[in-house]
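Here are some worked exercises on a two-chain model. Have a look at the sequence and the structure, then try each task before reading its solution.

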Amino acid sequence: MVNFEGMEQQRSSSSLSPRSQSSSQPFLSVSVTDPVKLGNGVQAYISYRVITKTNFTEYQGPEKIVIRRYSDFVWLRDRLFEKFKGIFIPPLPEKSAVEKFRFSAEFIEMRRQALDVFVNRIASHHELRQSEDLRTFLQAEEETMERLRSHETGIFKKPSDLMQIFKDVQSRVSDVVLGKEKPVEESDAEYEKLKHYIFELENHLAEAQKHAYRLVKRHRELGQSLSDFGKAVKLLGASEGNALGKAFSELGMKSEILSVKLQNEAHQLLLNFEEPLKDYVRAVQSIKATIAERANAFRRQCELAETMKLKEINLDKLMLIRSEKVAEAEREYHELKAESEQATKTFETIVKLMSEEIGRFQEQKTLDMGIAFHEFAKGQARLANGIADAWRSLLPKLEACSSS
Amino acid sequence: MMNQDHVLRASQDDEMESLVLHDDAENGGDSSSGNVQQPPQSPKAPFNSFLDPPSYAEAIFTSFDSNGHDQTLENLTRAGSGSGTESDSIHISVSDPQEEQEVTNSLVPGGSSYHTYLITTRTGKSEYGVRRRFREVVTLSERLSEVYRGYVIPVRPEKSSVERKVMQKEEFVEQRRLALEKYLRKLGLHPVIGKSEELRVFLQVQGKLPLMRTTDVASRMLDGAVRLPRQLFGAESGVVDLNDVAQPAKSGRDLLRIFKELKQSVSNDWGGAKPLVVEEDKEFMEKKDKLMEFEQQLSNVSQQAESLVKFQQDMGETMGELGLAFVKLTKFETEEAEFESQRVRAADMKNVATAAVKASRLYRELNTQTIKHLDKLHEYLGTMLAINNAFADRSSALLTVQTLSSELASLHSRIEKLEVASSRIFGGDKSRMRKIEELKEAVRVTESAKICADREYERIKENNRSELERIDKERQSDFQNMLRGFVVNQAGYAEKMAAVWEKLAEETSTYSSDSS
């Protein structure tokens with residue numbers, strides 16, 4: 001089975017398995033477990049047990065268990081996205097579009113795994129793991145969490161938040177970010193290349209993921225077909241009656257066995273191959289959101305710089321004519337200057353963080369994909385060998401039938 | 001159809017595949033490269049007629065045609081082992097379809113066209129060829145049905161006018177050519193028909209087929225209708241001609257007989273006149289029921305087999321598409337690589353792409369072989385139809401016998417009545433005596449006819465029996481071979497695929513979380 005947790009911890013700076021709790025090395029490990037369906041009808045949802053083991057001093061004790069639901073994870077992601085601009089926030093699994101599968105065992109398990117991976121990636125990230133919001137998420141009482149969650153999901157809170165949301169929506173449109181409309185864009189060639197890479201990458205990955213998903217379906221279909229075929233062959237065998245009939249029956253039974261193997265492989269394929277690909281796509285989309293943030297920061301920096309220049313000119317003018325507005329204008333100018341410097345700092349932080357993140361991202365993805373490919377290969381080999389063995393075992397029986 | 005797109009895409013795909021695999025010298029799936037370029041068409045034809053070969057059958061015949069010999073070798077060895085010596089075996093092929101113009105006397109210009117096919121026959125000693133059109137094949141088939149009653153005669157290809165309109169001309173002609181070849185070969189393999197004069201004439205005699213062209217029933221009925229009033233009025237003896245007795249009423253020009261037999265069959269059904277059934281009929285009925293049951297199951301399996309082939313093909317296609325997606329990713333990452341980790345990933349993806357593309361090819365090959373084996377099922381459905389025809393021959397012969405029996409019975413009872421009535425009249429009754437004489441004559445004729453009919457019925461029964469025995473034996477061995485072939489095939493390709501995936505697992509083993 002894929003072990004994202006293990007891999008993530010190998011990667012992070014202070015890595016230790018959750019089992020060995022040596023108090024010298026700081027560690028933080030989380031597991032998302034025990035999905036339980038709560039509520040009724042349309043209001044029904046899944047809750048998870050989130051177990052935190054840590055020796056961080058900021059945390060309340062070595063172990064803490066809380067109950068969380070999907071929208072709590074969304075809250076965490078949103079907070080991190082706001083506070084840690086420039087860092088690629090780990091992606092969340094989608095809210096299921098198809099109602100019918102929302103509570104299917106497979107979907108629930110896949111989501112649980114994805115949420116587990118999500119939290120552990122945060123817990124392994126050098127900066128993100130220090131987040132206060134993470135602490136809140138991992139430790140706060142359910143009522144507190146509920147309050148925070150509903151507070152966040154109210155749409156019209158503050159005008160600036162509205163602006164932010166609007167910008168976010170806007171920034172999803174690739175044209176804008178790629179600078180086809182807005183004149184204010186970075187002129188960094190390398191960064192342009194990166195942006196282009198990210199957008200292209202998403203397309204390629206989406207296609208691969210699409211085919212991976214189809215492959216899962218094909219396994220299921222072929223499995224079902226073999227089962228139907230097996231049944232029909234068994235009936236034919238029964239109507240034949242003699243040695244040949246027996247041969248048919250054996251064939252039918254083998255077909256049914258293989259049908260089961262195919263269904264199992266379909267499941268494995270879904271969890272260990274298709275899901276990692278989907279995760280990859282989500283990660284790229286998260287990067288796109290960061291790219292949008294960077295664009296916003298850059299724009300803000302430019303706007304403030306512009307405004308500041310204007311204010312400076314205005315101030316000089318006022319000073320020249322010795323207006324009493326000078327003091328106020330001066331104050332405003334200094335305020336603006338501070339803001340501008342802040343905006344510049346924000347932007348530069350984002351740039352710096354991103355360049356670190358991208359390297360880390362590439363490494364992580366090579367690892368993640370490597371594991372997925374390995375599991376894919378193992379699964380397919382297992383299936384193929386199972387099929388070969390099953391059919392080979394039938395041959396002596398067939399020989400026996402024909403000789404009689 | 002999707003033919004064009006499919007071929008186009010296939011060539012694009014192959015281009016991309018070669019991008020990945022050019023440095024890969026392993027044999028993997030490359031062994032039978034001849035088949036690879038032509039992906040089998042996806043089976044779209046609904047499973048309606050027993051006679052239509054499943055559309056997937058096209059693929060196998062196309063691919064083996066290019067190699068030339070597999071299918072025919074099978075036939076030759078069968079002929080050789082089944083029905084005797086080497087010199088008995090005949091090898092038939094149908095080729096070179098040509099379009100010809102219908103020669104009409106009408107004033108309307110632009111007559112319709114038809115296709116002729118070159119039919120070459122090779123026996124141990126000689127070789128000959130003729131050109132025939134489909135209509136002549138129909139004639140041959142009808143003639144054989146008339147002459148070889150009770151035999152299980154392979155069913156001829158359909159006229160299929162719907163398909164002719166829907167399909168492209170070349171496609172249709174090719175499909176027909178294949179069907180004709182298959183049909184004629186089957187005829188050649190039949191122990192009796194293969195040696196028949198009718199078949200020989202068809203295969204050998206140049207020019208228009210000299211076999212009697214039986215007019216269709218409708219026109220025969222019309223002709224018969226002309227005679228009907230005279231028979232009813234008794235002007236003509238309503239008694240059946242000896243020669244005609246050997247033929248079922250439908251092919252004779254005897255409308256009255258058709259009516260009589262219809263009446264008989266109705267009375268049989270209603271259990272009015274007790275049919276003079278022979279004891280062994282019960283055994284026959286049992287056998288017939290069993291065969292019907294078998295046919296049902298066979299049809300079911302054939303349908304599922306068709307589905308199975310479709311899904312195997314889908315699997316292969318999707319695997320191929322996945323491979324291509326990874327080829328593109330590989331190319332992309334390689335070109336855009338800024339970090340070493342990207343190059344590593346590109347290498348990994350290339351391995352995945354290679355494996356997927358190889359697996360896809362293996363699935364396609366597997367499918368081609370699967371079709372070849374499972375096609376036997378479909379073939380036997382055709383045989384079931386032919387068996388039903390043979391049974392129908394038997395039923396109609398029995399009906400003739402029964403009709404004559406009850407005819408005789410009614411004649412006898414009429415004679416008896418007349419004799420009783422006549423004996424009451426002192427000195428005899430001249431007209432009645434005359435009538436009695438007539439009837440006695442009719443009885444004599446009818447008795448002869450009945451002897452003929454009995455003989456014919458027995459002959460047909462024996463044909464049925466020996467044919468069923470022959471077919472049963474053939475079916476046993478055919479099905480055994482089919483099963484073995486199918487299983488060996490599945491196992492073999494599964495092993496090849498396992499090798500492909502094990503290689504990929506090996507190549508990605510650095511990412512393994514196993515302690516080994």
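## Exercise 1: the strands of chain B

Task: find what stands opposite B:Ser93 in S2(B), then follow the pairing on to S3(B).

Solution. Start at B:Ser93: its opposite number in S2(B) is B:Thr120. This is a predicted model, where local features need pLDDT of at least 70 and side-chain atom pairs count only at pLDDT 80 or more, while totals for chains, interfaces and linings use all residues. Residues are numbered from 1 along each chain as its sequence is written, chains are lettered from A and ligands numbered from 1 in the order in which they are written, and side-chain values use heavy atoms, with hydrogens and water left out.

Next, place the strands. Strands (E, at least two residues) and helices (H or I, at least four) are DSSP runs numbered from the N terminus, and two strands pair if DSSP finds at least two bridges between them. Strand S1 (residues 91-101) of chain B runs antiparallel to strand S2 (residues 113-122) of chain B, with 9 bridges joining them. Then move on to strand S3 (residues 127-133) of chain B, which pairs with S2(B) over 7 bridges, again in the antiparallel sense. On that side, B:Tyr117 has B:Arg132 of S3(B) as its bridge partner. The link from S2(B) to S3(B) is a hairpin of 4 residues.

## Exercise 2: the sheet of chain A

Task: work out the strand order in chain A and say which helices pack on the sheet.

Solution. First, the order: S1-S2-S3, an open sheet of 3 strands with antiparallel pairing. Strand S1 (28-38) and strand S3 (63-69) of chain A each have a single partner strand, so one side of each is left without a neighbour in the sheet. From one strand to the next, the twist averages 20°. (Axes are lines fitted to C-alpha atoms, for helices over the stretch in contact, and angles run from 0 to 180 degrees between N-to-C directions.)

Now zoom in on strand S2 (residues 45-54) of chain A, which is joined to S3(A) by 7 bridges. One partnership to look for is A:Tyr48 with A:Arg68 in S3(A).

Last, add the helices. Helix H3 (residues 105-124) of chain A packs on the sheet by touching S1 and S2 of chain A, and its direction makes about 155° with that of S1(A). Helix H4 (residues 132-139) of chain A touches S1, S2 and S3 of chain A, at about 90° to the direction of S3(A). Contact here means heavy atoms within 4.5 Å.

## Exercise 3: two domains in chain A

Task: describe how domain 1 and domain 2 of chain A meet.

Solution. Begin with the bounds, which come from an automatic or database domain assignment: domain 1 is 28-141 and domain 2 is 189-403. Their C-alpha centres lie 19 Å apart. The contact takes 17 residues from domain 1 of chain A and 25 residues from domain 2 of chain A.

Next, the area. About 2000 Å² is buried between these two domains, 58% of it from carbon and sulfur atoms; buried area is the accessible area (1.4 Å probe) that two parts lose on being put together, summed over both. On the domain 1 side, A:Lys85, A:Phe88 and A:Met110 supply 34% of the buried area, more than any other three residues.

Then check the charges. The rule finds 5 salt bridges across this interface, each a side-chain nitrogen of Lys or Arg within 4 Å of a carboxyl oxygen of Asp or Glu. A:Lys85 turns up here too, in a salt bridge with A:Glu293 whose closest N and O atoms are 3.3 Å apart.

## Exercise 4: chain A against chain B

Task: how many residues of each chain are in contact, and which helix of chain A gives the largest share?

Solution. Count first: 66 residues of chain A are in contact with 63 residues of chain B. The buried area is about 5800 Å², with 71% from carbon and sulfur atoms. There are 7 salt bridges between the chains. A:Arg218 and B:Asp314 form a salt bridge, with their closest N and O atoms 4.0 Å apart.

Now sort by helix. Helix H8 (189-240), helix H9 (243-321) and helix H10 (326-403) of chain A each supply at least two residues of the side that touches chain B. The largest share, 29 residues, comes from H10(A).
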